[in-house]
Amino acid sequence: MDLFSVIATAFAWFAASVAILLAITVVASVASLFGVQFGSVFRHGLWVLLLPIVLYAYGFFIERNLCRTRDIEIESPHVTAELDGYRIVHISDFHLKSFSGRTAAVKRIMKAIDNTKPDLVLFTGDLVTGSDNELAPFKTLLSGISARDGIYSVMGNHDYMNAHNSMSGSEQKAAEQRLREAESEMGWHILSDTCVNMPHGLSLAGVENISRSRYFQSRGNIAKAVSGINGQFSILMLHDPSVWSDSVAGVRPIDLTLSGHTHAAQMSVFGWSPASVVYKQARGLYTHKRDKKDGTQYLYVNPGLGETGLMARIGVPPEVTVILISS
């Protein structure tokens, strides 16, 4: 575990412990109003401080090694007869550094993808965390992903190699280029502000990373990416969902946008994720209503497969999303 992950884990434990102490204090204070000794309730409540440690152990040893397949159905009047029932697998945020020593977990994900019998596989960025070397142990395994119409990907902010490492600018560019070449060798097609029009009426566009945060590089040009679209049903691959509301929904004729990036904070409590504090669209399916003729615009935010920072997943298991499109 690197220094950044240690710091992130320590901060998460500290924040959880403070929240628990406040909760214990409130409970003890309320109990004292009914004649129960404050100190007694408070001391017994301190056992709850073990909860963050137990949850972290569960998220580290168990949940992040699972793989959930989630089925989503998208309806659109733009779906042609040939596309009706088309199956798309959406995956995101591998962060292969987090799978070091966990080849079995990657094999589990590969099996889940293969079991869906996809027509198309789409990966929405962050294959690595900070170095193209992370791919080497898994390159052969990931090359085994297959789909009738191919595997397409976009670059995420971490794929530019500028996160939490000491590479110089020229070293980052060289590592990024090696990663692009490796993906191509795996049979993955990177869409860099470009699109491809398929014969059955589906158009697929992919954008370089665009972010609202100054900490992440923004290179993408959505207008350029979608300019060549001529299919009836269109999909946009966009790593960071933060620009969807302003730059896609109600603005561009895109039927379905696929994103990742948020990881849903790798934590969810009764369906609520801390990521929703930062991102308007943090996890799952979102919609924008258009007129009846054009139908609804959809955004799906995949919570990812790997981890950064906190090396655990609690309530947010790695996800392989299966999207069925229908008319």
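Met 186 is placed in the loop between helix 6 (169-185) and strand 5 (188-190), where helices (H or I, at least four residues) and strands (E, at least two) are DSSP runs numbered from the N terminus. The model is predicted: local features need pLDDT of at least 70, side-chain atom pairs count only at pLDDT 80 or more, and totals for chains, interfaces and linings use all residues. Residues are numbered from 1 along each chain as its sequence is written, and side-chain values use heavy atoms, with hydrogens and water left out.

With a relative accessible area of 5%, Met 186 is buried; buried denotes under 20% relative accessible area, exposed over 50%, and partly exposed in between (1.4 Å probe, protein chains only). Apart from its neighbours within four places in sequence, Met 186 is in contact (heavy atoms within 4.5 Å) with Leu 135, Lys 139, Leu 142 and Ser 143. Of these partners, Leu 142 is 44 residues away from Met 186 in sequence, with a C-alpha to C-alpha distance of 7.1 Å.

A second loop residue, Gln 266, lies between strand 9 (256-259) and helix 9 (275-278). Gln 266 is buried, its relative accessible area being 3%. When neighbours within four places in sequence are set aside, the contacts of Gln 266 are Gly 306, Glu 307, Thr 308, Leu 310, Ala 312, Arg 313, Ile 314 and Val 316. By contrast, 29 Å separates the C-alpha atoms of Gln 266 and Gly 150, which are 116 residues apart along the chain.

Strand 3 (residues 120-123) is covered on both faces: Leu 120 and Leu 122 on one side, and Val 121 and Phe 123 on the other, are all buried. In a regular strand the side chains alternate between the two faces of the sheet. Strand 3 pairs with strand 2 (residues 86-91) in the parallel sense over four bridges, pairing being assigned if DSSP finds at least two bridges between two strands. Within this pairing, Leu 122 of strand 3 is the bridge partner of His 90.

Overall, the chain comprises nine helices and twelve strands. Its radius of gyration, taken over C-alpha atoms, is 22 Å, which agrees with the value near 20 Å of a compact globule of 327 residues; the globule rule is 2.2 Å times the number of residues to the power 0.38. Buried residues account for 50% of the 327 residues. Among contacts between residues at least 6 apart in sequence, 74% join residues at least 24 apart.
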